[in-house]
Amino acid sequence: MTGYSDRVMDHFMNPRNMGEIADADGVGEVGNPACGDIMKICIRVEGGRITDAKFKTFGCGAAIASSSMATEMIVGKTLKEAWGVTNRAVAEALEGLPPQKLHCSVLAEECIHAAINDCRTKNGLPAWAEGPEAGE
Amino acid sequence: MVTRQVYLDHAATTPTHPEVVDAMLPFFSEKFGNPSSLYSRAREARKAVEEARIKVATALGASPEEIYFTSGGTESDNWAIKGIAAAHRKKGNHIITSSIEHHAVIDPCRHLEKQGFSVTYLPVDEYGRVDPAAVAAAITPETILISVMTANNEIGTIQPIAEIGKIAREHDIFFHTDAVQAIGAIPIDVDALSVDLLSLSAHKFYGPKGIGALYIRKGTRAETLMHGGGQERRRRAGTENVPGIVGLGEAIEHAVTDLEGRTRRIAAMRDRLIAGILDTIPKSRLNGHPTQRLANNVNIAFRYVEGESILLMLDYFGIAASTGSACTSATLDPSHVLLACGLPAEHAHGSLRLTLGEENTEEDIDYVLEVLPGIIERLRSMSPLTPTDTR
Ligand code: FES
């Protein structure tokens with residue numbers, strides 16, 4: 001009804017990886033309930049690779065679909081690879097988002113970064129500001 | 001997949017009544033004449049326009065020469081506010097309105113502020129009511145216009161228009177009301193309400209889109225916005241939208257016939273819907289006034305969920321509704337009406353508006369009550385804000 005692709009509607013009506021991970025290795029939470037979006041992603045990391053990811057989202061259809069898609073895209077990736085899952089990649093995987101909804105996929109990217117940095121700092125590593133440095 | 005279709009967004013627009021369409025049709029084809037022309041085909045059109053004007057006037061307790069046809073509610077609101085402001089600027093530059101007006105009133109007021117007018121946006125109580133005493137207190141020697149809507153489009157709260165009109169009259173200040181949501185919902189009489197200008201729009205009461213009217217009390221000077229011809233007694237130029245005007249006349253006649261019987265039936269469905277939702281869905285609360293509300297309006301805030309996602313799921317189940325959240329627009333601000341009622345932004349985002357109409361049935365209500373609790377529960381299970389005990 002709002003010009004969402006079938007892919008967005010599919011991820012909205014049948015979200016993948018919805019939920020939380022008890023004692024996750026990394027948890028990212030971004031957004032602000034007052035502006036109507038809040039997204040939380042939990043990751044399980046084994047041997048430097050994300051083996052499981054779960055999300056919870058308070059927000060519009062695009063925000064829910066973006067978080068569902070984002071969790072699908074990062075599972076199986078190293079932290080470094082997962083960091084590179086951009087908002088554009090999430091939006092593309094969803095067959096596009098309406099222009100005023102692109103910020104919802106930005107939220108997904110920020111949330112992945114927050115979860116990765118949470119995992120890094122928990123393990124005594126410095127948080128990435130801009131992403132992995134060369135050689136990391 | 002469910003195939004039931006339930007339309008619950010009558011405050012947004014209504015279907016054009018088949019009898020209204022029938023009345024309009026001849027004016028597209030055999031009676032297509034321009035009312036300003038002199039031959040007989042044109043006289044037919046002129047006569048139809050004047051008959052419609054009488055119907056609108058009758059519905060409002062006004063005289064036909066006080067009714068001016070416009071393109072709809074937005075034009076009527078703009079004309080009333082900018083027209084009074086421009087014509088009476090010498091007398092004063094202050095306007096009083098409320099903080100819950102439609103944007104067709106708020107935006108012209110903001111525009112006038114840029115032209116040097118000062119505007120008071122009165123607060124409302126938690127139910128969305130303007131306090132007449134606050135109107136009186138806001139009046140200054142500079143005040144030339146008071147504009148308060150008859151009933152709010154989002155939360156359905158009915159305003160104390162007669163009291164406000166009386167105050168305006170006592171102070172010799174023009175009083176405009178946006179009655180776009182009120183026609184066909186509550187009885188309107190411009191004299192009883194002491195209204196000087198009143199806006200209405202046909203598509204809100206089973207008439208066509210693109211046609212409305214502004215009532216301007218006899219003797220009220222309001223500057224013309226549309227220049228270019230002698231139509232509407234030289235006050236609103238442009239060839240008349242004859243089919244639309246005929247449709248408006250037909251629709252308003254229908255809207256005020258058996259008003260009480262129709263609204264009683266709709267209000268009963270509304271009350272069952274409200275009670276059913278509040279009973280079955282925890283952490284839900286009614287927005288707007290419990291009794292001073294339009295017969296067709298239900299507006300509920302659900303904690304922990306966001307409005308657009310509720311709409312999307314309802315749409316999946318064939319239910320058309322609307323929300324107080326502005327997530328679908330370019331800004332992310334929640335509804336200014338709900339915020340003015342003191343609702344925290346976070347709750348305002350999770351508000352759902354269901355507005356009933358004549359074609360809704362008890363089965364429609366049953367269906368919504370069957371589907372909605374599951375939708376809210378499902379969205380809450382996805383929300384990081386939901387505390388564990390309400391799951
Ligand atoms: S969450 Fe509000 S626009 Fe996406």
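This is a walk through two interfaces, one inside chain B and one between chains A and B.

Before we start, this is a predicted model, in which local features need pLDDT of at least 70, side-chain atom pairs count only at pLDDT 80 or more, and totals for chains, interfaces and linings use all residues. Residues are numbered from 1 along each chain as its sequence is written, chains are lettered from A and ligands numbered from 1 in the order in which they are written, and side-chain values use heavy atoms, with hydrogens and water left out.

Let's begin inside chain B, which splits into domain 1 (6–14 + 259–382) and domain 2 (18–257); those bounds come from an automatic or database domain assignment. Between the C-alpha centres of the two domains of chain B there are 28 Å. Where they meet, domain 1 of chain B brings 29 residues and domain 2 of chain B brings 34, counting contact as heavy atoms within 4.5 Å.

Together these two domains of chain B bury about 2600 Å², with carbon and sulfur atoms giving 51% of that. Buried area here is the accessible area (1.4 Å probe) that two parts lose on being put together, summed over both. On the domain 1 side, look for B:Thr14, B:Leu259 and B:Leu294: they supply 25% of the area that domain 1 of chain B buries against domain 2 of chain B, more than any other three residues.

What about polar links? Zero salt bridges turn up across this domain interface of chain B, a salt bridge being a side-chain nitrogen of Lys or Arg within 4 Å of a carboxyl oxygen of Asp or Glu. There are, however, 23 residue pairs in polar contact, both at pLDDT 80 or more. That term needs a pair of N or O atoms within 3.5 Å; within protein, one must be able to donate a hydrogen and the other to accept it, and residues adjacent in sequence count only if both atoms are side-chain atoms.

Now step out to the boundary between the chains, where 27 residues of chain A are in contact with 25 residues of chain B. About 2200 Å² is buried between chain A and chain B, and carbon and sulfur atoms give 70% of it. The rule finds one salt bridge across this interface: B:Glu308 pairs with A:Lys101, their closest N and O atoms being 2.8 Å apart. Eight residue pairs are in polar contact between chain A and chain B (both at pLDDT 80 or more).
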